[in-house]
Amino acid sequence: MKKVNIYFNRWFSVAFHYMNLIRNNEDGVPVQIFATHPDINHMSLQGADVAGTEPVLEGIEYVHFCVDFCRRNEIDIFIPRLHMLDIALHAALFDAIGTKLLVCRDLDLLETIMDKGKFYESVAGKGIMTIPDYHVVRTAEQFREAYQDLAAKGHRVCFKPTETEGGLGFRIIDNDRSPLRELFGHVTPLISFDEAYHILSTVPSFPDLMVMELLEGFEYSIDCLADENGKLLAAVPRRKAGGRLRLMEHIPELEDIAQKVAETYRIPFNFNIQMKYSGDTPKLLEINPRMSGGLHISCLSGINFPYLAVKSALGGEVQPAEFAHDVLASHVEQPLIMKINGQSVIPDAVN
């Protein structure tokens, strides 16, 4: 059986786990995994069979690099993270060389999802789930008005950029914080309103910030699998359960939200819905149109999300999958030898 060549461009370190999940697939399909990153020692590359250094480029120049890499290495499936929108915009270039993209090809939808402000507007108009109270602001005075409105409604307030990944730029407004105590303690996301307002006042305008109610209940990441047409095949709600513990559990209202999101937006392959409770009401944080940072943990439910997405993209039949039991899981660090006497152990290098 011919090996399936799969390429990951610059990903997070957890791509190491995605690669091994695909490699150790239940169908015994042989794969060869290629990966690139500006840092040749990046942990994501240690899960690849063939690794390379990618240049720091943007726009069409970066797309051309990826197309050339896929052509030279006869890549069957490309799973992009960095510059996903640019790659989707030029999907035809990959079609022309026979490389399938594991990416949402609806450009309007992809652009909307990646901007939290635009996506909240879209969700609000469809009524498929509850969104937090929020404002999008660009000036310090707008920031002041948004804060005062949310505080008057009884909310604690937080803010973050509308276009960001992970927790970058996330801050919680706390006017009772003690900077001295924090100086001797852990770094926190806390900032007073006056401090934030002063910083934002130093410029006439700034990139869009979403100022919103702080949700303080359980936070769930719903890892989802869909086919190429966006039909939902699996959904696993996962939440932090203290420390490094993660609990995958059946939550009917969250599974129903996943179904409604799939029916409304038709996001293909792997995507992730982040919800957080306010009292008894789950409210939307964001949707990531890609594999989530904790997807490998959700795979402990028995559903191999990365491989099944690849299988679907290759035209294989993937049946709807459910996890039978709630699963409490965790993780530990594992030592990994990368070089001996300066020589790489794994993976092979590619130019």
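These are my notes on the predicted model above, starting with the ground rules and then going through sheets, helices, voids and two odd backbone angles.

1. **Ground rules.** Residues are numbered from 1 along each chain as its sequence is written, and side-chain values use heavy atoms, with hydrogens and water left out. Since this is a predicted model, local features need pLDDT of at least 70 and side-chain atom pairs count only at pLDDT 80 or more, while totals for chains, interfaces and linings use all residues.

2. **The six-stranded sheet.** One open sheet has 6 strands in the order β15-β14-β11-β12-β13-β16, with antiparallel pairing. Its edge strands, β15 and β16 (327-329), each pair on one side only. The twist averages 25° from one strand to the next. On the terms: strands (E, at least two residues) and helices (H or I, at least four) are DSSP runs numbered from the N terminus, and two strands pair if DSSP finds at least two bridges between them. As background, strands of a sheet pair through backbone hydrogen bonds, either parallel or antiparallel.

3. **Its two ends.** At the β15 edge, β14 and β15 run antiparallel over 7 bridges, and Y277 has P282 in β15 as its bridge partner. These two strands make a hairpin with 2 residues between them, and G279 in the turn has a positive phi of about 65°. Even as an edge strand, β15 is mostly covered, with 7 of its 8 residues buried (buried is under 20% relative accessible area, exposed over 50%, partly exposed in between, with a 1.4 Å probe and protein chains only). At the other end, β13 (residues 246-248) is joined to β16 by 3 antiparallel bridges, and L247 is partnered with L328 there.

4. **Helices on that sheet.** Helix α10 (residues 252-265) lies across β11, β12, β14 and β15, at about 135° to β14. Helix α12 (residues 305-313) also packs on the sheet, touching β11, β12 and β14, and its direction makes about 135° with that of β14. Contact here means heavy atoms within 4.5 Å; the angles run from 0 to 180 degrees between N-to-C directions, on axes fitted to C-alpha atoms (for helices, over the stretch in contact).

5. **The five-stranded sheet.** The other open sheet to look at has 5 strands in the order β6-β10-β7-β8-β9, and here the pairing is mixed. β6 (134-137) and β9 (190-191) are the edge strands, each pairing on one side only. β10 is covered along its run: 5 of its 5 residues are buried. It pairs antiparallel with β7 over 5 bridges, where P161 stands opposite L209 and F159 opposite V211. β10 also pairs antiparallel with β6, over 4 bridges, and M212 is the bridge partner of Y134.

6. **The largest pocket.** Where would I look for open space? The largest pocket holds about 1000 Å³. Its lining has 35 residues, with G166, E219, S221, K240 and Q274 nearest the centre. Both sheets contribute: β7 (157-161), β10 (209-213), β11 (219-226), β12 (232-240), β14 (269-278) and β15 (281-288) each supply at least two lining residues, as does α11 (295-298). By class, the lining has 11 nonpolar, 12 polar and 12 charged residues (Ala, Val, Leu, Ile, Met, Phe, Trp, Tyr, Cys and Pro are nonpolar, Asp, Glu, Lys and Arg charged, the others, Gly among them, polar).

7. **The cavity.** There is 1 cavity of 30 Å³ or more, and the largest cavity has about 100 Å³ of space. It is lined by 14 residues, the closest to its centre being L102, N270, P289, R290 and M291. That lining has 12 nonpolar, 1 polar and 1 charged residues. For the record, on a 1 Å grid over the protein atoms alone, a cavity is a set of points where a 1.4 Å probe fits but cannot get out; a pocket is an open set with protein on both sides within 12 Å along at least five of seven lines; lining residues have an atom within 4 Å of a point. Grid points join across faces, edges and corners, and volume is the space filled by probe spheres set on the points.

8. **Two backbone angles to check.** Most residues other than glycine have a negative phi. H83, however, has a positive phi near 55°; it sits in the loop between β4 (77-79) and α3 (84-89) and is partly exposed at 22% relative accessible area. R266 has a positive phi of about 55° too, in the loop between α10 and β14, and is partly exposed at 42% relative accessibility.
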